[in-house]
Amino acid sequence: MEKQEIFDKVTEIVADHFDVDRAKVTNELNLKTDLNADSIDFVEFVLEIEDTFGSEISDSDAEKLSTIGEVVDYIAAHQTN
């Protein structure tokens, strides 16, 4: 899957999960500070990402993900073909 496809899917999840306008979702958007996501919101987001992309994100890796760009890069690097 290309990075743009991953970004589009992640954008859709963020927009739906955090009730944010899709146009405001950029690679620089910070999940924790820009969206005011608490730990439960973040865990639910990670679980939805895992379900959507069919991959598991370890807790230690998830803690390192703060921007949309980092999430997209992580998924691109860890996808199975």
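Which helices each supply at least two residues of the lining of the largest pocket? In this predicted model, in which local features need pLDDT of at least 70, side-chain atom pairs count only at pLDDT 80 or more and totals for chains, interfaces and linings use all residues, they are H2 and helix H3 (59-64), helices being DSSP runs (H or I) of at least four residues, numbered from the N terminus. Residues are numbered from 1 along each chain as its sequence is written, and side-chain values use heavy atoms, without hydrogens and water.

The largest pocket (on a 1 Å grid over the protein atoms alone, an open set of points with protein on both sides within 12 Å along at least five of seven lines) has a volume of about 230 Å³, taken as the space filled by probe spheres set on the points. Its lining, made up of residues with an atom within 4 Å of a point, comprises 15 residues, with Val43, Val46, Ser58, Asp59 and Ala62 nearest the centre, and H2 gives the most, with six residues.

Helix H2 (residues 39-53) also contains Ser39, which an unreviewed UniProt entry annotates as "modified residue: O-(pantetheine 4'-phosphoryl)serine"; such annotations may be inferred rather than shown by experiment. Ser39 counts as exposed because its relative accessibility is 55%, the class beginning over 50%, with buried meaning under 20% (1.4 Å probe, protein chains only).

Val72, in helix H4 (residues 68-78), counts as buried at 3% relative accessibility. Leaving aside neighbours within four places in sequence, Val72 is in contact with Lys3, Ile6, Phe7 and Val10, contact meaning heavy atoms within 4.5 Å.

Key: On a 1 Å grid over the protein atoms alone, a cavity is a set of points where a 1.4 Å probe fits but cannot get out, and a pocket is an open set with protein on both sides within 12 Å along at least five of seven lines; lining residues have an atom within 4 Å of a point.
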